[in-house]
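Here is a short report on one protein chain. Keep the structure in view as you read.

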Amino acid sequence: MTSVSTALSPEQLQQAARDHLWLHFTRMSGYRDGEVPIIVRGDGCYLEDAHGKRYLDALAGLFAVQIGYSYGEEIGEAAAAQMRELPFYTNWSYAHPRAIELAAEVASLAPGDLNRVFFVSGGSEAVESAWKLARQYYSARGEHHRAAVAQAPTHDYDAERAARSTGERRWKAISRNVAYHGTTMGALSINGIPALRTPFEPLVPEVLHVRNTNRYHRPPAESEEEFTRILLDELQQTIESTGPETVCMVIMEPVQNAGGAFTPPEGYWRGVRELCNRYEILLCADEVITGFGRLGSWFGSERYDIRPDLVTCAKGLSSAYASIGAVIATDRVMEPFLQGERMYTHGITFGGHPVQAAIALKNIEIMRREKIVEHVDEQQDTVRQTLEQLLDLPIAGDLRGTGFFYALELVKDKDTRETFSDEECEQLLRGFLTPRMFEAGLICRADDRGDPVIQISPPLIAGQAEWDELVGILGTVLEEAWQRI
């Protein structure tokens with residue numbers, strides 16, 4: 001193995017990337033003859049590659065860089081100070097000041113009594129940890145010894161079955177179709193995207209999936225109220241058919257990312273919360289993307305009054321300046337683990353790493369100081385109006401989302417809402433749109449994990465100039481795509 005200099009030329013970087021680097025979710029064969037895109041610096045909402053070309057990052061580095069790319073020096077100083085003081089220590093039976101301070105800060109921002117913070121290294125780990133916590137919560141509170149349910153049934157399922165099940169632990173999770181919740185084996189099992197799950201089956205049993213909140217493809221005759229009722233009826237039927245006494249967690253994003261920024265219909269979250277209360281199931285809001293301002297509030301759970309028992313977060317917690325995530329639990333979930341010898345038997349070496357925590361604290365300080373969340377809230381109506389210009393294009397079927405979190409669904413026919421075939425999606429999204437947007441200086445995601453969409457989610461500092469530039473470039477590229485079709 002040859003050593004590599006820390007100051008390689010663009011040509012040397014390109015060769016080293018081809019020889020040694022394995023990119024995530026990437027068809028590496030595409031770079032056998034083509035160039036690997038190498039991003040070397042960032043500023044505000046913009047990135048620059050090894051050739052000096054600038055790009056508008058309309059995806060915020062995977063929905064993560066809330067404060068943009070210009071705070072490296074300030075955050076670097078916070079990291080360096082922590083390095084000098086305490087470069088590392090674990091949260092396994094010990095605490096250190098930055099983890100304590102960050103836990104208190106996150107708890108102060110989270111809605112309701114979400115007061116206890118368990119740190120991890122990222123989003124997939126957060127989802128894994130939430131599922132393990134939900135599983136252990138029931139045994140920790142002694143549910144498998146209770147017979148009270150059978151003596152005084154209050155639920156809509158068979159009391160005899162409840163009585164027989166008092167010796168069982170809960171282990172099942174329920175999520176939604178096409179939902180993305182991470183790639184580790186537990187998180188992957190919760191995913192509702194068959195193409196990601198299939199290569200790794202058998203996965204962790206048992207996860208059930210229910211219909212998501214895609215309004216655009218609901219039957220035209222369904223009203224908003226009827227749509228909500230259908231969704232909640234299916235969730236209730238799924239819980240009852242699998243056995244409520246076996247379900248530990250319902251996990252859903254406030255606004256579902258995969259499939260294209262599905263927002264909830266009126267009354268949906270209230271109904272989900274009521275069903276979880278009725279069957280004593282923990283409700284987890286996956287806020288890995290929606291947390292820390294992307295929807296115009298610190299947490300999407302606050303905006304939609306979700307009242308979750310658990311929240312998973314990462315990405316915006318540090319604006320991706322450090323690899324850190326967390327599970328936030330209510331006092332009720334924490335309570336059984338404060339008794340006697342009970343313990344949440346789970347841990348991550350780097351969870352609550354002092355340097356990561358210091359960076360996250362500085363990120364939140366910057367977001368407060370610069371009023372980043374308020375900016376999203378104030379600008380979101382104007383943002384929607386700007387993006388709605390794209391609906392004039394014949395290929396643009398639906399614009400959905402909120403805050404600084406949107407998706408534009410692409411269609412073959414706007415009147416019938418006809419979508420593209422798998423082969424057409426391959427040619428349209430990966431064959432043309434992805435490389436053409438990049439060539440035009442725009443980083444968006446062309447995605448077909450559900451119906452084909454362009455996902456739009458820039459840093460939360462984006463102003464009208466950036467939104468206008470985004471619409472201008474994307475509109476031109478989509479017009480070209482329609483002509484090719």
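## A buried histidine

This is a predicted model. Start with His-181. Many residues touch His-181, among them Ser-124, Val-127, Ser-175, Ala-187, Ile-190 and Asn-191. The list also includes Ile-251, Met-252, Glu-253 and Asp-286. Residues up to four places away in sequence are not counted here.

Where does His-181 sit? It is found in the loop between β5 (172–176) and α8 (185–190). Its relative accessible area is 3%. Buried means under 20%, so His-181 counts as buried.

One of its neighbours deserves a second look. The side chains of His-181 and Asp-286 are joined by a polar contact of 2.7 Å. Ile-193 is 12 residues from His-181 in sequence, and their C-alpha atoms are 9.5 Å apart in space.

## The sheet

Now turn to the strands. Seven of them form an open sheet. Their order is β4-β10-β9-β8-β7-β5-β6, and the pairing is mixed. The edges belong to β4 (114–120) and β6 (207–210). Each has a single partner strand, so one side of each is left without a neighbour in the sheet. From one strand to the next, the twist averages 20°.

Strands of a sheet pair through backbone hydrogen bonds, either parallel or antiparallel. Here is one pair. Strands β8 (residues 282–286) and β9 (residues 310–313) run parallel, joined by 3 bridges. Cys-284 stands opposite Leu-310 in β9.

## Helices against the strands

Helix α4 (residues 97–109) lies across β4 and β10 (325–330). It runs at about 135° to β4. Helix α10 (residues 224–242) lies across β5, β6 and β7 (247–252). Its angle to β6 is about 155°.

Which residues of helix α11 (residues 268–278) are buried? They are Tyr-268, Trp-269, Gly-271, Val-272, Arg-273, Leu-275 and Cys-276. The cover over them includes β5, α10, β7 and β8. After α11 comes Glu-280, whose phi is positive, near 55°.

## Two nonpolar cores

The largest nonpolar core has 72 residues. Those with the most contacts inside it are Leu-102, Leu-387, Leu-410, Leu-433 and Ile-454. Take Leu-102. Beyond four places away in sequence, it touches Phe-119, Leu-317, Ile-324, Ala-357, Ala-360, Leu-361 and Ile-364.

Another core, of 46 residues, lies apart from the largest one. Among its residues are Val-127, Val-210, Met-252 and Cys-276. Two of these names came up earlier: Val-127 and Met-252 both touch His-181. Cys-276 is one of the buried residues of α11.

Methods:
Residues are numbered from 1 along each chain as its sequence is written. This is a predicted model: local features need pLDDT of at least 70, side-chain atom pairs count only at pLDDT 80 or more; totals for chains, interfaces and linings use all residues. Side-chain values use heavy atoms; hydrogens and water are left out. Helices (H or I, at least four residues) and strands (E, at least two) are DSSP runs, numbered from the N terminus. Buried means under 20% relative accessible area, exposed over 50%, partly exposed in between (1.4 Å probe, protein chains only). Contact means heavy atoms within 4.5 Å. A polar contact is a pair of N or O atoms within 3.5 Å; within protein, one must be able to donate a hydrogen and the other to accept it, and residues adjacent in sequence count only if both atoms are side-chain atoms. Two strands pair if DSSP finds at least two bridges between them. Axes are lines fitted to C-alpha atoms, for helices over the stretch in contact, and angles run from 0 to 180 degrees between N-to-C directions. A nonpolar core is a set of buried Ala, Val, Leu, Ile, Met, Phe, Trp, Tyr and Cys residues joined through side-chain atoms within 4.5 Å.
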